[in-house]
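User: I would like to learn how to read backbone angles, strand pairing and surface charge in a model. Could you take me through some cases?

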Amino acid sequence: MIGFDLLMPNDPAARFYGVTIAVVTNVEDDDNLGRVKVKFPWLTDEDESPWARVVTPMAGGDRGFYFLPEVDDEVLVAFEHGDMAFPYILGSLWNGKDKPPEKNDDGENNKRLIKSRSGHMIIFDDTEDKEQLIIQDKSGKNKITIDCENDAMTIQVEKDFTIEAKGKVTIKSKDDDMLLECKNLEIKTQSDCKINAGANCNIQAKTKGEFKAQSGLELNCSAGVKVNNGALEVM
C-alpha cells in the first residue's frame, strides 16, 4: 500500500483534510455493517481503502435508508479527523460515463426519482397540473400511478393480480359506480352468497342462463313472478 503510506506517515499531525473522489471496489461486508471499500484513482489503481461507513439520511437498529453504492460507482469520501484509516462515503457522483437516469433539458426540475440497477423506479412528478406519483417495475408494464390532478389511482399489471387477506376485504365506491369487466367471471364462497340491490337487479346472458341448488330454489316477489318463455318446462 505504497500510495496510502505516502498519506499516512508516522507523524500523527499529518492528516488529509477535506474531501476527495474515489471508486467503489467492494460492497461485500462480512460483518454486515453496510460498509464498502474504495480505491483512489488519483493515488493508486491497486490499493483498497479500509472499510468505509456510508452516510445515509437515517440509520438505526434494523431501520433506516439502505442504499449502498455499486462497485465501480464514483463516490465522494471524507476522513475522520483527516485520518485516511477511517474513510466515510458522503454520497455518489454522476460523471461523463455514468449519467443521471433523468434529463432536465427544460430547466423546470419537475421530476425526482429513484431507479435501481435493474430499472425499478419510484417517480415523483411535480409538473404543474399534471402531478403524479408512479411506482413501476423494470418493464414499465407493471405499475401503480397516483394522478394528483384527477384524484385517481391506476394499478396496471401485465398478467395476474392477486389481493389476499386473512381478515375482511371491503371494496367500496361511495359516490359513483363500480364496474367489473373481464372475459370470464367466477365467484366462490365457502358458505352463503348474497346479492342485495337497493333498486333494480338485472341479470342477462346472451346464450344460456342457469340457476342450480342442491336442496331447494325459491323465487319470491311481492308483486308476483312473471316467466315469459314459449318453451317453458317445469319439472
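Analyst: The turns below go through backbone angles, then strands, then a charged patch. The model is predicted.

User: Which residues have a positive phi although they are not a glycine?

Analyst: The general idea comes before the cases. Most residues other than glycine have a negative phi. Here D72 has a positive phi of about 80°, and H81 has one of about 50°. Neither D72 nor H81 is a glycine.

User: Where is D72 found, and where is H81?

Analyst: D72 is in the loop between β5 (63-64) and β6 (74-80). H81 has its place in the loop between β6 and β7.

User: Is D72 buried or exposed, and what about H81?

Analyst: The term exposed applies over 50% relative accessible area. D72 has a relative accessible area of 54%, so it is exposed. H81 is exposed because its value is 62%.

User: How should I read the pairing of β8 and β9?

Analyst: Look for the sense of the pairing, then for the bridge partners and the turn. β8 and β9 pair in the antiparallel sense, over five bridges. I114 has I122 of β9 as its bridge partner. The two strands form a hairpin with five residues between them, and G119 in this hairpin takes a positive phi near 115°.

User: Which strand is joined to β9 by five bridges in the β9–β10 hairpin, and what stands opposite I123?

Analyst: Strand β10 (residues 132-136) is joined to β9 by five bridges, and the two run antiparallel. Opposite I123 stands I134 in β10. This hairpin has six residues between its strands, and D129 in the turn has a positive phi of about 70°.

User: Which residues of β9 are on the covered face, and which on the uncovered one?

Analyst: To read a strand this way, sort its residues by face. In β9 (residues 121-125), M121, I123 and D125 make up the covered face, while I122 and F124 make up the uncovered one. I122, the bridge partner of I114, is thus listed on the uncovered face; I123, which stands opposite I134, is on the covered face.

User: Which residues form the negative surface patch?

Analyst: For a patch, list its members, then place one of them in the fold. E102, D105, D106 and E108 form a negative surface patch. One of them, E108, lies in the loop between β7 (83-93) and β8 (111-115).

User: Why does E108 count as exposed?

Analyst: E108 counts as exposed because its relative accessibility is 51%, and the cut-off for exposed is over 50%.

Methods
Residues numbered from 1 in each chain as written. Predicted model: local features only at pLDDT ≥ 70, side-chain atom pairs only at ≥ 80, totals over all residues. Heavy atoms only, no water. Patch = residues over 30% accessible without salt bridge, like charges linked within 9 Å, V, L, I, M, F, W, Y side chains within 5 Å. Areas by Shrake-Rupley, 256 points an atom, 1.4 Å probe, with all protein chains shown as cover. Salt bridge = Lys/Arg side-chain N within 4 Å of Asp/Glu carboxyl O. Lys, Arg positive; Asp, Glu negative; His and termini not counted. Charge placed at Lys NZ, Arg CZ, Asp CG, Glu CD. Helix = DSSP H or I, 4+ residues; strand = E, 2+ residues; numbered from the N terminus. Buried < 20%, exposed > 50% of the residue type's maximum accessible area, 1.4 Å probe, protein only. Pairing = 2+ DSSP bridges.
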